[in-house]
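Biologist: Before I plan any work on this protein, I would like a close look at one cysteine and at the sheet around it. Please go slowly and say where each point leads.

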Amino acid sequence: MDPRSEVLLRQSALFTGNLLLAGLPADDLLAQLPAAHGWSWLVGEQATLSSRFVERCQFGITAPERSFEAAVLFLPKSRELCDYLLHALAARLAGRELFLVGEKRAGIERAAKQLQLYGRPRKLDSARHCQLWQVTVDQAPAAPDLHALAQRYELPLADGPLSVISLPGVFSHGRLDRGTALLLQQLDNLPAGHLLDFGCGAGVLGATLKRRYPHSRVSMLDVDAFALESSRLTLAANGLEAEVIGGDGINAAPLELDAILTNPPFHQGIHTEYQATETLLRQAAQHLKPSGELRLVANSFLKYPPLIEQHLGPCVTLGTGAGFHLYQAKRQPAPTKARREREPRDPSRRY
Ligand SMILES: C[S@@+](CC[C@H](N)C(=O)[O-])C[C@H]1O[C@@H](n2cnc3c(N)ncnc32)[C@H](O)[C@@H]1O
């Protein structure tokens, strides 16, 4: 059980009614609070929750339409996203209760100050390195317009500027990340065909690829509903069309790709998380055509080349800068029958 859920359950008498759990973890909480409904914007959490609680968990960037008596927000990492979510929930809760739960190291005390906008917040509990806060919404705000909170910047490309639009909570909100900038400098000589932007965020890479290689099919994949919507906005703002896929990890990606380009995730919430990237490196070969290519940018301290070489092929460093390395590797052709018989198979290699 997530520690934030444990803290809620210590006060379970407060949560017996028709409650909305916004940004809830994929644990047993919905089983413990049978009148509650969930709202998730992460594909992986939503898949786990809806496999157990069909009809009780909704996915998306806006609060479910159905009415609720009270709501709990699980503190998200991004301050801008937290502000948007608190406003969106408070707007629906005039005279009713809004709760906020989160880990101390995630900044729950700072976030709880935001509750003063709606009434007089009270700290109800502190345990498991988390705090639970409550406010009765005396001053309900107007419902926020999410798209009005989008930020936009222009990327100067050879054939004209590209507009990049990001919603609150999306990676590198309102500005180009330095790692992504390094990758954008090295988009020459990609194979024609089907290109994947893995972990597309606001869609800067995928949109640049589609602009640069208009005859290629471009797919853009992310786990986060706010990133997916941002990518759609970025594509639309530039008159581009590409496939935007909601998926948790490389398993959700198409097969027979000609190239995978990525500035991959290594954080999820406040915790360091390498799993999605390591799974990508282990399974990229299964999604690439023979000789298909991976280009990946990562902080220099992340030691991905051994994993790339083990699962894909020889790894070349195409560029470095601002603390980042850009790696390239091509899927090796499957060994011939004669070579397979000469060289015993390394079970960890998949190509
Ligand atoms: C470092 S950001 C890069 C975003 C964008 N490509 C850019 O360069 O600005 C990594 C992205 O991966 C996404 N992500 C995290 N875990 C993921 C997963 N399991 N599957 C797919 N995408 C994931 C995050 O939501 C985030 O948008």
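Biologist: Which cysteine sulfur is closest to the sulfur of C130, and at what distance does it lie?

Modeller: The model is a predicted one, and in it the closest cysteine sulfur to that of C130 belongs to C82, at 14 Å, which is too far for a bond. A disulfide is a covalent bond between the sulfur atoms of two cysteines. With a cut-off of 2.5 Å between the sulfurs, the count for this model comes to zero disulfides. C130 counts as buried because its relative accessibility is 0%, and C200 also counts as buried, at 5% relative accessibility.

To see what surrounds C130, begin with its strand. C130 lies in β7, where it stands opposite E103, and strand β7 (residues 130–136) is joined by seven bridges to strand β5 (residues 97–103), the two running antiparallel. These two strands belong to an open sheet of seven strands, in the order β3-β2-β1-β4-β5-β7-β6 and with mixed pairing. At the edges stand β3 (57–59) and β6 (122–127), each with a single partner strand, so one side of each has no neighbour in the sheet. Between neighbouring strands of this sheet the turn is 20° on average, with direction ignored.

Following the order away from β5, one passes β4 and comes to β1. Strand β1 (residues 19–22) has L19 and L21 pointing one way and L20 and A22 the other way, and all of them are buried. On one side, β1 pairs with strand β4 (residues 70–74) in the parallel sense over four bridges, and L21 stands opposite V72 there. Three bridges join β1 to β2, which also run parallel, and the bridge partner of L21 in β2 is G38. L21 can thus be followed to a partner in each of two strands, V72 in β4 and G38 in β2.

Helix α3 (residues 43–52) packs on this sheet, where it touches β2 (37–40) and β3, and its direction makes about 150° with that of β3. Within α3, V43, G44, Q46 and L49 are buried. The buried residues of α3 pack against α2 (29–32), β2 and β3, and also against β11 and β12.

The last two of those strands belong to another sheet, so it helps to turn to the domains. The protein is divided into domain 1 (3–136) and domain 2 (150–340), whose C-alpha centres lie 32 Å apart. Sixteen residues from domain 1 and 16 residues from domain 2 take part in the contact. About 1300 Å² is buried between the domains, and carbon and sulfur atoms give 75% of this area. On the domain 1 side, V43, I61 and K77 lose the most area to domain 2, together 37% of what that side buries. V43 is also among the buried residues of α3.

Across that contact, seven strands form an open sheet in the order β12-β11-β10-β13-β16-β18-β17, again with mixed pairing. Its edge strands are β12 (243–246) and β17 (315–321), each of which pairs on one side only, and neighbouring strands are turned by 15° against each other on average, direction ignored.

Inside this second sheet, β10 is largely enclosed by the rest of the structure, because five of its five residues are buried. H194, L196 and F198 point one way from β10, while L195 and D197 point the other way. Five bridges join β10 to β11, and the two run parallel, with L221 in β11 as the bridge partner of F198. Further along, strand β13 (residues 257–262) and strand β16 (residues 288–299) pair in the parallel sense over five bridges, and L261 stands opposite R295 in β16.

Two helices lie across parts of this sheet. Helix α7 (residues 204–212) crosses β10 (194–198), β11 (217–222) and β13, running at about 180° to β11, whereas helix α8 (residues 225–237) lies across β11 and β12, at about 175° to β12.

To return to your cysteine, C130 is buried at 0% relative accessibility and faces E103 across the β5 and β7 pairing, while the closest cysteine sulfur, that of C82, is too far away for a bond.

Conventions. Residues are numbered from 1 along each chain as its sequence is written. This is a predicted model: local features need pLDDT of at least 70, side-chain atom pairs count only at pLDDT 80 or more; totals for chains, interfaces and linings use all residues. Side-chain values use heavy atoms; hydrogens and water are left out. Buried means under 20% relative accessible area, exposed over 50%, partly exposed in between (1.4 Å probe, protein chains only). Two strands pair if DSSP finds at least two bridges between them. Axes are lines fitted to C-alpha atoms, for helices over the stretch in contact, and angles run from 0 to 180 degrees between N-to-C directions. Contact means heavy atoms within 4.5 Å. Buried area is the accessible area (1.4 Å probe) that two parts lose on being put together, summed over both.
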